[in-house]
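Student: I've got a model open on my screen and I'd like to go through how its pieces fit together. Can we take it one question at a time?

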Amino acid sequence: MDWYSTVFEIIDMRSFSNLWYWIALAVAWSTVSHWVVGVPFDLIQKAARLEGEAQQDLEDLVRINCNRVLYVAGVSGLWILGFAAALFTSMAILGFWYKVEFAQAVFLLLFPIALAGLMSLNTAAVIRERALEGEGLRKRLSRHRVQTQFLGMGAIFVTSLWGMYQNLSLGVLR
């Protein structure tokens, strides 16, 4: 057995049986649920606890991020949507029609995160439209975080079911 074979036997390069994929999935969802419309959740909690300057900081940061997200969506939204649709369609066809495991793994990682991005866009639009501030703003941001966490739990559940199916059907554990 040569060095190359030994390394690839120890470090499994398949996606769903690779520990690094699952670590990346957990870190991605942890990060997505921590940053609510570009605002760290601890800042939302701090604003609820202390109010005053902390609340003003929260409102300023939310205003800046909402304006940024809505500007990018207004200027480049259709292009981003078109490229994302092409990318996700390609990954879905490669992964689930042609059975390319790497494409399946990337699709199951990125597609739900893209849905979370659309949820953030919607939240930013609601915040700007209703001119939310104070308690109403914190409630809306907290609701968005809970919805993102539910999406993440569902995505991790589906990904883990699919990954177990792939690992069992390909005979990794035999």
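Tutor: Sure. First a term we'll need: helices are DSSP runs of at least four residues, strands are runs of at least two, and both are numbered from the N terminus. Keep in mind that this is a predicted model.

Student: Okay, which loop holds glutamate 51?

Tutor: Helix H3 covers residues 41-50 and helix H4 covers residues 52-97. Glutamate 51 sits in the loop between H3 and H4.

Student: What is the phi of glutamate 51 near?

Tutor: Most residues other than glycine have a negative phi. Glutamate 51 isn't a glycine, yet its phi is positive, near 55 degrees.

Student: Is glutamate 51 buried or exposed, or in between?

Tutor: Buried needs under 20% and exposed needs over 50%. Glutamate 51 has a relative accessibility of 44%, so it counts as partly exposed.

Student: Which other loop residue has a positive phi, and is it buried or exposed?

Tutor: Look in the loop between H4 and H5. The residue there has a phi near 60 degrees, and it isn't glycine either. At 62% relative accessibility it counts as exposed, and it is lysine 99.

Student: Back to H3 and H4. At what angle do they pack?

Tutor: Their axes are 7 Å apart, and H3 passes H4 in a left-handed crossing. On the H3 side the contact uses Leu43, Ile44, Lys46, Ala47 and Leu50, and these meet Gly52, Ala54, Gln55, Leu58 and Leu61 in H4. By class that makes seven nonpolar, two polar and one charged. The packing angle is about 145 degrees.

Student: How are H4 and H6 oriented to each other?

Tutor: H4 and H6 pack at an angle of about 25 degrees, with their axes 14 Å apart. Angles under 35 degrees count as roughly parallel. So H4 is, relative to H6, roughly parallel.

Student: And which residues of H6 does H4 meet?

Tutor: The crossing of these two, H4 and H6, is left-handed. From H4 come Gln55, Leu58, Glu59, Val62 and Phe96. The contact divides into six nonpolar, two polar and two charged residues. The partners in H6 are Gly134, Leu137, Arg138, Leu141 and Trp162.

Student: H3 also packs on H6, at about 145 degrees. How far apart are their axes?

Tutor: H3 passes H6 in a left-handed crossing. Phe41, Ile44, Ala47 and Ala48 of H3 make the contact with Arg138, Leu141, Ser142 and Arg145 of H6. By class, the contact of H3 with H6 has five nonpolar, one polar and two charged residues. The axes are apart by 11 Å.

Student: Which residues touch the most other members of the largest nonpolar core?

Tutor: In soluble globular proteins, nonpolar side chains tend to be buried together. Here the largest nonpolar core has 15 residues, and the ones touching the most other members are Ile44, Leu58, Val62 and Leu141.

Student: Which helices supply at least two residues of this largest core?

Tutor: Two of them we've already met as a packed pair, H3 and H4. Helix H5 spans 101-130 and helix H6 spans 134-169. Each of these supplies at least two residues of the core: H3, H4, H5 and H6.

Student: What does valine 62 touch, leaving out residues up to four places away in sequence?

Tutor: Val62 belongs to the largest core. Its contacts include Leu137 and Leu141, which also turn up where H4 meets H6. The full set is Val39, Ile127, Leu137 and Leu141.

Student: Is valine 36 buried or exposed?

Tutor: Valine 36 is found in strand E1, residues 35-36. Leaving aside neighbours within four places in sequence, valine 36 is in contact with Phe41, Ile44, Leu141, His144 and Arg145. Its relative accessibility is 1%, so valine 36 counts as buried.

Student: Last one: what does serine 120 touch beyond residues up to four places away in sequence?

Tutor: Serine 120 is in helix H5. With a relative accessible area of 18%, serine 120 is buried. One of its contacts, His144, is also in contact with valine 36. The contacts of serine 120 are Val37 and His144.

Note on methods
Residues numbered from 1 in each chain as written. Predicted model: local features only at pLDDT ≥ 70, side-chain atom pairs only at ≥ 80, totals over all residues. Heavy atoms only, no water. Axes fitted to C-alpha atoms, helices over the stretch in contact; angles between N-to-C directions. Left-handed = near helix turned anticlockwise from the far one by under 90°. Contact = heavy atoms within 4.5 Å. Nonpolar A, V, L, I, M, F, W, Y, C, P; charged D, E, K, R; others polar. Core = buried A, V, L, I, M, F, W, Y, C linked by side-chain atoms within 4.5 Å. Buried < 20%, exposed > 50% of the residue type's maximum accessible area, 1.4 Å probe, protein only. Parallel < 35°, antiparallel > 145°, perpendicular 65-115°, else oblique.
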